[in-house]
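Colleague: Mind walking me through this one? I'd like to go over it piece by piece.

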Amino acid sequence: MLSAASVISPHDPVTSPKPSQPLVDGSCLPPLSAPLSATLVADAPPTLHYHSRFLTAADAATLLANIYSTCTSPSWTTLRGRRAKTYGVVVGIGDTPPCVRDPFPPWLEALVDRLLAAGLAWGSGAAWARPNTCLVNEYAVGQGIMPHADGPAFLPRVATVSLGGSCALELVRHGGDPLCAVLLEPGSLLVLGDEAYAEHMHGIAPRVEDGAPFANDSLLGDDAAATPLVVPRERTRVSLTFRRTTQPAVRDAAASLLAKMRGRAGRR
Ligand SMILES: O=C(O)CCC(=O)C(=O)O
């Protein structure tokens, strides 16, 4: 359970201790460890990991209640096709520096503890392992998010926890060609990184149902054989997307990491 007992003191990305080791070792982020390392989506560009039962239904319901009970801090921002709010670092636009308006509340820190316990980390050393920003998106049935790339403001590793309804996240080539779709079930965790982050865009089409094939068929909570060819979106979906911002001192290393990944992808 995501109980108060499992909560550590809130991590403040501004005041937290400076890392003793470099964030990026020059070539790669820390490898995912078990149990997450066993959840590779084989039929997708590297690297996608999908864990269908990351949260129990009870924990998912508790999280949803927390998200909605704190809706005034931060408040929702209405965007085209969805509502969103950010905990932790808000990335500045243009020359505006990043800032923290709403630190992670204890219940969100407890969820981060779960991510780390599942084998996820963003950097080496305790201070860098944790994500420092979480975007909560709320999609009514039929809403989505345009294909986009998250870019060099973040390390190339993103973790998304899905609550409420299901939907398909599509990977799309720059230029628009679809690559594959992964079905995101309520309670699941998707980790997207490396080439899938650096080289492709991702988005959710604004529609009321999603059609097979799903690249993560064999990893779905229900037997893949039992997954219908068309999955209706029946409920509002809320997602929590965790990232780690690249700060000025490490931005160059992250940019060169992205460039290396692009080079590797281009040579295939
Ligand atoms: O809701 C999701 O699963 C995707 C969110 C996303 O791509 C984003 O916020 O950049």
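What follows is a short back-and-forth about the model.

Colleague: Before we start, what kind of model is this, and how are residues numbered?

Modeller: This is a predicted model, where local features need pLDDT of at least 70 and side-chain atom pairs count only at pLDDT 80 or more, while totals for chains, interfaces and linings use all residues. Residues are numbered from 1 along each chain as its sequence is written.

Colleague: How many helices and strands are in the protein chain?

Modeller: I go by DSSP runs numbered from the N terminus, with helices being H or I of at least four residues and strands being E of at least two. On that count the protein chain has five helices and 14 strands.

Colleague: What share of the contacts with a separation of 6 or more comes from residues 24 or more positions apart?

Modeller: Two residues are in contact if their C-beta atoms, placed from the backbone, lie within 7 Å. Take the contacts in the protein chain with a separation of 6 or more: the share from residues 24 or more positions apart is 79%.

Colleague: Which elements give two or more residues to the shell around the ligand?

Modeller: The shell takes residues near the ligand, meaning a C-beta atom, placed from the backbone, within 6 Å of it. Among them are Leu 135, Asn 137, Asp 150, His 202, Ser 239 and Thr 241. The elements giving two or more are strand E5 (133-139) and strand E14 (237-243).

Colleague: Are the faces of E1 covered or open, and which residue in E10 is the bridge partner of Tyr 50?

Modeller: Both faces are covered, with Leu 48 and Tyr 50 buried on one side and His 49 and His 51 buried on the other; buried means 20 or more other C-beta atoms within 10 Å of a residue's own, all placed from the backbone. E1 pairs with strand E10 (residues 189-193) in the antiparallel sense over four bridges, where pairing takes at least two DSSP bridges. In E10, the partner of Tyr 50 is Leu 190.

Colleague: Where does Asp 194 sit, and what is its phi?

Modeller: Most residues other than glycine have a negative phi. Asp 194 lies in helix H4 (residues 194-198) and is buried, with 20 other C-beta atoms within 10 Å. Though not a glycine, Asp 194 has a positive phi of about 55°.

Colleague: Which peptide bond is cis in the loop between strand E12 and strand E13?

Modeller: Most peptide bonds are trans. The loop between strand E12 (209-211) and strand E13 (230-232) holds Pro 213. With omega near 5°, the cis bond there runs from Ala 212 to Pro 213.

Methods: Buried ≥ 20, exposed ≤ 12 C-beta atoms within 10 Å, placed from the backbone.
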